[in-house]
Amino acid sequence: MIAATCAVAIGLIPQASVRPGTPAAAQSPAETVADPAKILVDRLDLERYKATIKALTQFGDRKQGTDRNRRALDWIEAQLKSYGCANIERLKYDYQPPSPDTRNTMANTAGGPGTPTPPTAIAVGGGRPRGLRVRTGVNNDPNAQPDPKLRQLNSQPPIPGPREEIYCTKAGVTHPDEMYILAAHFDGIGWGEAANDDGSGTALVMELARILSGPDVQTDRSIRFIFWNNEETGLNGSAAYVEQRKDLQGKEIPPGSGRYPEPKWLGMIQHDMMLFDHGMPREDGTLSKEQRPEADFNVEFQLNSKFAVQSQALAWTLEQADEKYATDYPATIGSHMTNTDSSSFMNEVAAISVRENERGTQIGNGWDPQWHQPTDLYATYNDKDFRLGLNAAQTTLAATAHLAGANLKTVNSPAR
Ligand SMILES: [Zn+2]
């Protein structure tokens with residue numbers, strides 16, 4: 001019931017595609033009203049999505065504070081420019097790592113392979129993990145990377161100091177002072193290629209920036225595409241953005257200019273690890289080589305946040321968009337969003353994360369053996385995995401098209 005109500009509110013219930021009272025067969029194709037969201041979703045392409053992930057892996061793990069991270073940022077900027085994404089800007093901040101004794105390791109405390117989860121366990125984010133789990137952690141050992149070229153590429157250590165991240169913006173036509181934020185983090189960790197974490201989310205948001213920046217696409221409200229740095233060190237890049245820019249929201253600067261450097265935030269959608277849903281670890285600690293048949297992607301909000309009600313409504317909007325527009329996989333909603341950049345926004349605006357699995361109860365319990373490991377390589381994944389990420393892209397794109405009021409100029413004024 002909740003889903004149906006929300007769907008009406010955002011216009012995701014199928015609209016009549018023909019004039020009322022006219023039999024469909026009596027109409028010429030020119031008279032049918034096209035669905036802009038469907039046309040935009042059709043512009044996504046699996047091979048293109050894969051190629052963008054692959055291109056990001058040329059910079060190794062893109063660890064924050066290194067040359068390979070800065071080269072990746074320059075490369076993303078050049079792509080955004082080539083897509084025609086407007087108003088490309090960099091956010092600058094300073095990063096000083098915490099002292100080692102105060103650093104919080106994100107590893108869980110599971111015992112040997114396939115340890116049963118105690119019934120009282122609570123995962124990060126507040127969920128209750130079920131079934132078997134294996135220990136997780138971050139690889140910091142260069143020698144765990146068997147490929148000497150990749151080991152060399154990832155060898156420069158980070159130095160504390162100035163950092164940059166990047167965003168570009170599609171300005172809304174009727175409400176340029178309001179926006180949705182679509183985001184992912186481009187930094188990685190673990191001595192691999194950070195292909196899934198988070199090349200997969202970065203490529204997804206890049207593809208959406210490309211499609212929504214198309215010359216025939218108009219939106220009522222603005223959309224900003226943000227590529228965070230320093231996610232892996234504790235969400236420092238998104239925290240810096242919120243701190244520097246939240247008080248600029250909705251302000252016309254200079255007054256009377258019609259320019260809004262920081263449109264009012266209407267919703268924030270983070271994409272982080274989009275590819276791998278092979279199920280729970282087995283008793284011997286191994287995982288299926290194949291994607292599980294009931295694979296889904298997970299849309300999470302945080303129950304213990306100021307904007308929980310608005311965030312769950314945004315999550316249902318994605319769920320309905322998935323039902324109507326995604327080609328293969330369902331979206332599952334959860335209430336335990338955690339440990340990604342949407343957490344930096346959750347007490348300011350509706351904020352959700354889109355992921356391959358639940359972060360706390362599943363990824364955190366060993367469902368993704370590549371997570372922060374040297375095996376997070378482009379070559380690790382197959383087309384079923386990439387297609388899971390593509391389905392999330394279809395879903396966010398369609399939901400955003402509805403929320404921001406997308407129209408296609410050629411569709412609305414076909415005659416010349
Ligand atoms: Zn990540």
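# Reading helix α6, the zinc site and a helix crossing

Analyst: Let's start with D198, which lies in helix α6. Keep in mind that this is a predicted model. A cis peptide bond joins D198 to D197, with omega at about 5 degrees.

User: What makes T202, in the same stretch of the discussion, count as buried or exposed?

Analyst: T202 sits in helix α6 (residues 195-212). Buried means under 20% relative accessible area, and T202 has 1%, so T202 counts as buried. Beyond its neighbours within four places in sequence, T202 touches L56, I76, A184, H185, F186 and F227.

User: H185 rings a bell. Which protein donors does the zinc ion have?

Analyst: They are H185 (NE2), D197 (OD), D272 (OD) and D272 (OD), at 2.0 to 2.6 Å from the zinc ion. Along the sequence, the donor residues follow the spacing H-x11-D-x74-D.

User: Why is the arrangement around the zinc ion called irregular?

Analyst: Four donors count as tetrahedral if all angles lie between 85 and 135 degrees. Here the 4 donor atoms subtend angles of 53 to 148 degrees, so the arrangement is irregular.

User: And why say that D197 and D272 tie parts together?

Analyst: D197 is in helix α6 and D272 is in the loop between β8 (264-271) and β9 (297-300), so the pair links parts that are 75 residues apart in sequence. Both D197 and D272 are buried.

User: How do you know that α3 and α9 are roughly perpendicular?

Analyst: Helix α3 (residues 46-56) and helix α9 (residues 383-404) pack at about 100 degrees, with their axes 10 Å apart. The range for roughly perpendicular is 65 to 115 degrees, and therefore α3 and α9 get that label. On the α3 side the contact is made by L46, E47, Y49, K50 and I53, and on the α9 side by D383, F386, R387, G389 and L390. By class that contact has 5 nonpolar, 1 polar and 4 charged residues.

User: What is the phi of A194, and is A194 buried or exposed?

Analyst: A194 has phi near 45 degrees, a positive value in a residue other than glycine. Its place is the loop between β5 (175-185) and α6. With 1% relative accessibility, A194 counts as buried.

User: Why is N339 called partly exposed?

Analyst: The band between 20% and 50% is partly exposed, and N339 has a relative accessible area of 24%, so N339 falls there. Phi of N339 is also positive, near 55 degrees, and N339 lies in the loop between β10 (331-334) and β11 (351-355).

How values were computed: Residues numbered from 1 in each chain as written. Predicted model: local features only at pLDDT ≥ 70, side-chain atom pairs only at ≥ 80, totals over all residues. Heavy atoms only, no water. Axes fitted to C-alpha atoms, helices over the stretch in contact; angles between N-to-C directions. Helix = DSSP H or I, 4+ residues; strand = E, 2+ residues; numbered from the N terminus. Parallel < 35°, antiparallel > 145°, perpendicular 65-115°, else oblique. Contact = heavy atoms within 4.5 Å. Nonpolar A, V, L, I, M, F, W, Y, C, P; charged D, E, K, R; others polar. Buried < 20%, exposed > 50% of the residue type's maximum accessible area, 1.4 Å probe, protein only. Donors = N, O, S within 2.8 Å, 3.2 Å for Na, K, Ca; no water. Tetrahedral: all angles 85-135°; square planar, octahedral: opposite > 155°, others 65-115°.
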